[in-house]
Every structure is written in structure tokens, then in C-alpha cells.
Amino acid sequence: MAKRAILALSILLALSSCASEEKAEPIKVKTVTGVKTERVGVMTFYRNATFSGTVIPSKEILLSPKVPGYLIEVKAKAGERVKKGQVLAVIDSSTIKPDVEKAKAGLKEIDAAFKELHKALLEVKARKKAAQAQYELALKTYNRFKKLLEADAVSKQKFDEVKAQYEAAKANLQAVNAKEAQIKAKLEELKAKKKQVEASLQKAEAYLSYTYLKSPVNGVVLQKLVDKGNLVSPQTPVFKLGTYPLEVRAYVDNAYFGKIKVGTPVTVKVAGETYRGKVVEVDHSADPVSHKFGIKVTAEGLKAVPGTYAVVEFPTVKVETIVVPKSAIYRVGALEFVFVVKDGVAHLRPVKTGETIGDKVVILSGLRPGEVIAVTKVNSLVDGARVEG
């Protein structure tokens with residue numbers, strides 16, 4: 001029974017398939033007649049290239065403090081010329097000054113102790129000199145009386161008196177030597193302590209100096225990034241500084257890549273003034289959106305505010321680039337296309353265009369020399385349409 005049901009279902013599916021095939025209509029392909037085509041070529045031309053640029057400092061520096069704290073004073077503003085070492089801002093030092101004062105007070109105490117110990121050392125040295133002389137005299141007397149005793153030339157009682165004087169002189173000298181050693185040991189301890197306190201003072205004074213935010217270069221304040229009263233730290237840029245000489249940053253069409261090199265002479269125009277300059281840096285990669293590459297230019301005697309608009313002019317440059325008639329461009333909103341014709345069929349191709357030269361448009365990307373494109377009736381074409389001349 002199940003086999004019969006499966007067979008019936010298969011027959012019904014086959015019949016429905018045949019019925020749908022009979023009803024399907026053939027796909028219609030649009031044909032556009034009277035379309036002119038043209039082979040894509042490369043155009044060579046000579047021109048004085050002009051590009052917009054911006055005045056920039058030769059170097060930009062973000063200046064941050066070395067210690068955290070509140071900004072209690074800001075001494076510089078945007079656009080101000082500054083010198084190396086100039087104080088630009090002051091950070092609250094109330095938590096650091098006590099360490100400096102404590103270390104200074106400690107050094108004063110140590111210096112006073114040094115004076116006392118040196119005075120005591122001089123005194124003990126004087127006592128040692130006297131004790132040494134007394135000991136040497138007592139030793140000579142003792143040795144003489146010892147020989148006299150051995151020769152029965154002196155009484156035992158007198159010898160014992162001389163011996164006692166000798167032992168007392170010896171003990172006194174030993175005591176003076178011990179006192180001298182004690183003072184010298186204290187002096188060494190004090191020297192070590194003084195080094196520690198001096199290191200603490202040096203560290204505290206360094207931190208105190210860090211509360212004065214100083215310019216590391218001769219330059220100009222490009223931006224003041226933090227206002228008075230704010231808490232700052234080593235991770236907080238307070239100023240953006242720029243250094244001189246000024247330069248110009250410009251972006252150039254890809255068509256000029258390889259034609260403009262380091263050392264290429266240029267003319268720079270800023271705020272109505274003209275300067276002679278040269279290219280000092282050329283990027284080796286282009287922006288993926290604008291399809292332009294950056295260059296950096298120096299100009300002799302350039303005077304302007306960083307950020308000022310500039311114009312960079314190059315001498316005559318030979319340029320080879322792909323161009324197509326303006327009529328070949330098919331636009332859909334902000335997007336641009338051309339119809340590439342191959343084997344009589346139009347294929348929609350996105351392109352990136354550049355400048356316009358007469359009735360031609362520069363193609364920055366999307367086409368290769370030798371390809372055939374439609375140059376008329378592009379608004380009547382669709383992707384896949386057949387093209388007839």
C-alpha cells in the first residue's frame with residue numbers, strides 16, 4: 001500500500017513540473033542600439049600642479065606633568081610663543097613641600113650633631129696625646145724599677161707604687177682610645193644617615209620641581225587642553241606644543257606619484273605671501289578614500305599660524321593617467337560607474353574619478369588601459385544588456 005502511495009505522489013510531482021515548464025517564459029535580454037564605444041587609453045599631459053595644504057609645526061609634542069595634582073595656575077595660552085624651560089603651568093605642591101622641609105630640618109640636625117662630634121673628637125685627641133705621654137713615661141719608669149727590684153736596689157713597696165701608676169696610665173690610654181673609636185663610629189653612622197636624608201631631599205626637591213610644568217622646546221602653544229583647577233596626572237596632556245621651523249602638509253593625486261620626490265622645488269603661498277620651498281617627505285601609501293598621498297614641504301622664512309590654509313605649486317610635471325569622456329560616467333547618487341563592453345554585453349563597473357580635463361575625466365581606479373567602454377546612451381544601459389552600435 002505504501003509503495004502505491006509513493007508512486008502516485010511521484011507521478012503528481014512529475015505532472016506539475018511539466019505543467020510549470022510549459023508556462024515558463026524565456027528570459028528577455030535588453031538590447032540597446034546606437035551605443036558608441038571607445039577603447040580606454042592613457043593620456044599624457046604637462047601642467048603646473050597646485051594642491052591645497054595646511055601649515056604645520058615641524059614637530060608636535062603633548063606635554064604632561066610628571067606628578068599628579070591640581071592645576072593652580074596656567075601661565076600660557078594657545079598661540080603663544082614659548083622658550084625652552086619656560087614655566088607654562090603650576091601644580092599644587094602642598095603634599096610635597098612638607099617632605100622637602102622635613103628633609104632640610106633633618107640635615108640641619110645632622111650638621112649640628114657633626115659639629116658636636118667633631119668637637120668631642122678634637123677633645124679626645126688632646127686627651128689621647130696627654131695619656132700617651134703619661135703612659136710612655138709610666139712604662140719607662142716601670143721598666144727601670146723592675147730592673148732595680150731584680151737587683152735589690154729598690155724596695156718592693158716602691159716598685160708596687162710605680163707598677164700601679166703604670167697600669168693606671170695604661171688603662172687611661174685604653175679608655176681614651178675606646179672613646180675615640182666610639183666617636184669615629186658615630187661619625188660614620190651620621191655620614192650614612194646624612195646620605196640617606198640628602199637622597200630623600202633630592203627626591204623631594206625633584207618632585208617639587210615637577211610641579212612646575214616647563215616647555216621642553218622653543219616653540220608655540222598649539223592648544224591648551226586643561227583648565228586651571230582640574231586634577232592632572234602623568235597620563236593627562238595639558239598642552240600641545242609645536243616646534244619651528246614651520247612646514248606645509250599637502251595631499252596630492254595618485255596620478256603624480258613617482259613624479260614628485262624629496263628635493264622637488266615648489267612654491268608655497270600662505271596668506272597672500274609667496275615662499276620658495278622644497279619637498280622633504282613623500283608618503284609611500286595613499287589614503288584609501290581620497291586616493292591621494294601626503295607630502296611635507298619646507299619653505300624659507302615661512303611665517304604663519306599653524307593650521308593656516310596654504311597652496312603648494314609644483315613646476316611643470318609630466319603626467320600619464322587614464323581618462324574617459326565625461327559622457328561615459330553613469331552616476332547613481334554619489335556612486336560612479338562605467339559600462340565595460342565585452343563580447344557585445346555591457347557590464348556595470350564602479351570607478352573612482354579625479355579631476356576633469358576639458359571633456360575628459362581622470363579615472364583613479366576601476367579601469368585598465370585597453371578595455372572597451374560605452375560612451376553614449378549610458379543612462380539607457382543596464383548590467384548585462386546587449387549593445388549594438
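Let's begin with an annotated stretch: UniProt, in an unreviewed entry, places the feature "domain: CzcB-like barrel-sandwich hybrid" at residues 63–241. In the model, which is a predicted one, this span is 61% helix and 16% strand. Its end C-alpha atoms lie 7 Å apart.

**How far to trust the model**

The protein chain has an average pLDDT of 88, and 92% of the residues score at least 70. Where is confidence lowest, and where is it highest? The low point is helix H1 (residues 2–23), with a mean of 43, while the high point is S6, at 96. Over residues 1–24, pLDDT stays under 50, and the model has 0 contacts beyond four places in sequence for them. Where pLDDT is low, the predicted coordinates shouldn't be read in detail.

**A serine in a loop**

Now have a look at serine 93. You'll find serine 93 in the loop between strand S6 (87–91) and helix H2 (97–150). Is serine 93 buried or exposed? Serine 93 counts as buried because its relative accessibility is 11%, and the cut-off for buried is under 20%. Leaving aside residues up to four places away in sequence, serine 93 touches Leu208 and Thr211.

**The largest pocket**

Next comes the largest pocket, with a volume of about 190 Å³. Which residues line the largest pocket? They are Leu63, Ser64, Pro65, Lys66, Ser209, Tyr210, Tyr212, Leu213, Lys214 and Pro216. Sorted by type, the lining has 6 nonpolar, 2 polar and 2 charged residues. Helix H3 (156–210) and strand S7 (212–214) each supply at least two residues of this lining, and the largest share, 3 residues, comes from S7.

**A second annotated stretch**

Further along the chain, another unreviewed UniProt annotation, "domain: YknX-like C-terminal permuted SH3-like", covers residues 322–388. Over residues 322–388 the chain is 0% helix and 58% strand. The end C-alpha atoms of this stretch are 25 Å apart.

Glutamate 355 is a residue to pick out on the structure, in strand S18 (residues 352–357). How many residues separate glutamate 355 and valine 323 along the chain? They are 32 residues apart along the chain, with their C-alpha atoms separated by 9.7 Å. Glutamate 355 has a relative accessible area of 23%, so it is partly exposed.

**Backbone details**

A few spots are worth finding if you want to look at backbone angles. One is the peptide bond from tyrosine 244 to proline 245, which is cis, with omega near 5°. Proline 245 itself sits in strand S10 (residues 239–253).

Then there are residues with a positive phi that aren't glycine. Alanine 271 has phi near 50°, and lysine 377 has phi of about 55°. Alanine 271 is in the loop between strand S11 (265–270) and strand S12 (273–286). Lysine 377 also belongs to a loop, the one between strand S20 (372–374) and strand S21 (386–388).

What about their accessibility? Alanine 271 is exposed because its relative accessible area is 71%, and the cut-off for exposed is over 50%. Lysine 377, with a relative accessible area of 43%, is therefore partly exposed.

Here are the accessibility values side by side:

| Residue | Relative accessible area | Class |
|---|---|---|
| Serine 93 | 11% | buried |
| Glutamate 355 | 23% | partly exposed |
| Lysine 377 | 43% | partly exposed |
| Alanine 271 | 71% | exposed |

Technical notes
Residues are numbered from 1 along each chain as its sequence is written. This is a predicted model: local features need pLDDT of at least 70, side-chain atom pairs count only at pLDDT 80 or more; totals for chains, interfaces and linings use all residues. Side-chain values use heavy atoms; hydrogens and water are left out. Helices (H or I, at least four residues) and strands (E, at least two) are DSSP runs, numbered from the N terminus. Buried means under 20% relative accessible area, exposed over 50%, partly exposed in between (1.4 Å probe, protein chains only). Contact means heavy atoms within 4.5 Å. On a 1 Å grid over the protein atoms alone, a cavity is a set of points where a 1.4 Å probe fits but cannot get out, and a pocket is an open set with protein on both sides within 12 Å along at least five of seven lines; lining residues have an atom within 4 Å of a point. Grid points are joined across faces, edges and corners, and a volume is the space filled by probe spheres set on the points. Ala, Val, Leu, Ile, Met, Phe, Trp, Tyr, Cys and Pro count as nonpolar, Asp, Glu, Lys and Arg as charged, and the others, Gly among them, as polar. pLDDT is the predictor's confidence in each residue, from 0 to 100. UniProt positions are given in the numbering used here, feature names are shortened, and annotations may be inferred rather than shown by experiment.
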